[in-house]
Amino acid sequence: MAEPDQSVLAIEKLSKSFQNTAVLTNIDLAIAEGSFLVLVGPSGCGKSTLLNCIAGLEEPSSGRILIGGRDMTGVPPKDRDIAMVFQSYALYPRMSVAKNITFGMQVRGATRAEQKSALERVSGMLKIDHLLERRPAQLSGGQRQRVAMGRALVREPRLFLFDEPLSNLDAKLRVEMRAEIKRLHQRLGASIVYVTHDQTEAMSLATEVAVMEGGIIVQRGPPQEVYDYPVNTFVAGFIGSPAMNFIEGHIRKDGGAVRIEIPFDGKTMAVPAEHYPFVGSTEDGTKVILGIRPEYVTGRDRASGDEEVSLELVPTLVETNGFDQHVNLAFGPAEISGRFSPREQIEIGTPLPTRIDLSQMSVFDRKTGMRL
Amino acid sequence: MTARGLLYLLLVVFVAYYMLPLFVMVITSLKDLDEIRAGSLMSPPDRVSLESWGTAWSSACAGILCEGLQPFFWNSVKMVVPAVLLSTLLGAVNGYALSQWRFRGANLIFALMLFGCFIPFQVVLLPMARTLGLLGLAGSLSGLVLVHVVYGLGFTTLFFRNFYVTVPTELVKAAKIDGAGFFTIFLRIFLPLSPPIIVVTVIWQFTQIWNDFLFGVSFSQAGTQPVTVALNNIVNATTGVKEYNVDMAAAIIAGLPTLIVYVIAGKYFIRGLTAGSVKG
């Protein structure tokens with residue numbers, strides 16, 4: 001039995017480079033039993049390489065990986081007690097669905113009876129009983145994805161690895177399968193590491209998100225925490241759609257009062273920052289970037305907190321999606337985006353009363369990009 | 001409508017252009033010698049005679065041996081079958097390893113094998129003769145098989161490599177996680193995908209090896225000559241009367257196997273050549 005505090009997966013000081021290019025640098029990561037960790041980042045950030053290292057498909061250049069407390073250095077993929085689902089499904093083309101699912105068991109020498117009962121259990125769970133005799137080419141994308149998951153489930157591994165499993169599906173199916181994966185996780189309490197470039201997927205699936213950029217993990221935490229308190233401007237801009245608004249300004253300290261001053265329309269707009277939880281001490285005059293999510297830029301009919309600024313801003317672009325209007329508003333030389341009620345009458349070029357709620361703002365150092 | 005008619009006319013002309021020599025060969029082989037001397041080249045035989053076919057098969061003189069093409073035909077069969085099977089199988093393993101197991105230097109090895117395809121026969125004659133001598137295979141059918149396998153490997157590897165390179169590498173990854181090794185993955189997953197390219201390779205190799213003359217004449221001896229060499233010896237015999245009907249029958253017999261292979265597997269050949277990626 002695993003000890004309660006033992007990590008299913010622990011990665012220690014892992015680095016990986018190809019020739020002279022460092023792909024992963026000094027990764028430390030541990031996840032607890034039953035976690036759903038999503039590695040998210042733009043393409044080329046090293047997330048898939050990290051997953052391949054966990055799977056044993058690639059050898060790390062240095063550092064080590066422990067699965068269930070066992071050092072995996074030099075252990076081949078098949079002995080790592082993992083299962084993996086791939087973006088292209090990677091179903092064996094000339095085998096029936098049933099064969100695809102039981103192939104691994106067969107290779108490992110399971111008896112026919114074992115294979116049969118495992119197949120029944122998994123195909124029932126995924127509702128693919130009626131497809132067992134078909135070839136992968138005769139299946140739709142969603143069905144293939146189910147079979148690929150069946151192949152993983154049948155192993156009952158310590159750890160599931162998902163490599164962008166939904167990227168090949170169309171938008172509607174993607175949302176459906178996403179919910180299905182989430183449900184499966186809740187039902188089985190399985191430990192999962194999931195790679196995606198889609199921040200929406202990351203937010204909706206994860207119990208924990210690790211945002212990666214340039215081969216390092218920039219931030220890690222529960223999705224809401226990463227959303228509310230991004231550690232730097234990269235995470236702030238990457239997580240959330242539409243992206244967070246960035247407004248340049250500088251810090252003004254006046255006795256006990258802390259303000260952020262923003263040049264706007266030839267004047268200076270002062271944003272009170274007394275309640276902002278600064279990470280460290282700040283100096284007067286520090287150049288900063290103010291980060292405000294679009295949902296905190298709203299119209300007059302939407303309630304907001306005490307800390308708010310009212311402005312008249314000119315809309316330049318309106319996108320409607322039924323439950324919201326995404327509006328781009330001219331803000332000095334730049335633009336910010338906001339979310340307005342669908343009932344609000346908005347005309348391009350006509351100044352629009354706008355409220356900006358500052359209770360959830362983020363402040364970043366303009367030089368380093370780090371959260372202040 | 002006229003454009004279509006023109007198209008067909010053109011096609012008929014091309015067909016005639018290619019079929020006429022065969023037509024002449026067939027009718028000539030069915031005539032007797034008197035008629036050949038008297039009649040015109042294109043006219044069908046007055047009296048059909050299969051005698052020259054019998055002669056060509058079992059009693060025509062190739063050099064000093066007057067047993068027809070028969071023994072040499074079987075030599076060719078004994079050479080072609082193992083050579084085609086071995087080179088195809090090795091090419092499949094090579095192509096699989098080069099495309100799916102991207103080891104260090106895989107591209108260099110592939111480039112060198114590809115280069116091997118462009119080396120003319122004549123260049124390898126002497127080194128190959130020496131090699132066969134050292135291996136104790138000089139003049140034997142096994143030696144010829146080896147020569148053809150080695151020379152064909154570049155092509156067969158190229159065919160299979162380019163076929164397998166379209167298969168997503170995730171397939172191998174998935175199978176590795178499932179616990180399968182190099183050869184299990186090859187036999188259980190990749191070989192079942194391969195019939196189209198196997199057909200292409202087999203036709204290509206069969207045609208090349210069956211039709212080969214240079215290696216056949218260079219590396220064989222009295223009892224091991226392939227049919228192409230024997231055909232040459234029959235047709236180029238300098239003594240006695242020139243028996244055109246026998247020559248023609250012998251030439252057709254020698255060419256028949258490749259023709260049959262193509263007729264049987266031809267449609268797979270086209271399909272295999274145009275087959276794109278394998279859809280999972």
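Reader: How much area does chain B expose, and what share of it do carbon and sulfur atoms supply?
Author: Chain B exposes about 14900 Å², and carbon and sulfur atoms supply 71% of it, with accessible areas taken from the Shrake-Rupley method with a 1.4 Å probe, where for residues only the protein chains shown count as cover. This is a predicted model, in which local features need pLDDT of at least 70 and side-chain atom pairs count only at pLDDT 80 or more, while totals for chains, interfaces and linings use all residues. Residues are numbered from 1 along each chain as its sequence is written, chains are lettered from A and ligands numbered from 1 in the order in which they are written, and side-chain values use heavy atoms, leaving out hydrogens and water.

Reader: Why is B:Leu22 called partly exposed?
Author: Buried means under 20% relative accessible area and exposed over 50%, with partly exposed in between (1.4 Å probe, protein chains only); B:Leu22 has a relative accessible area of 35%, and is therefore partly exposed. B:Leu22 is found in helix α1 (residues 2-30) of chain B, where helices are DSSP runs of H or I with at least four residues.

Reader: How do you know that the span of helix α6 of chain B agrees with its number of residues?
Author: The expected span is 1.5 Å times one less than the number of residues, so the 15 residues of α6 (residues 121-135) should span 21 Å, and the end C-alpha atoms, 20 Å apart, agree with this.

Reader: Which residues of α6(B) are buried?
Author: By the cut-off already given, they are B:Val124, B:Leu125, B:Met128 and B:Leu132.

Definitions and conventions
Helices (H or I, at least four residues) and strands (E, at least two) are DSSP runs, numbered from the N terminus.
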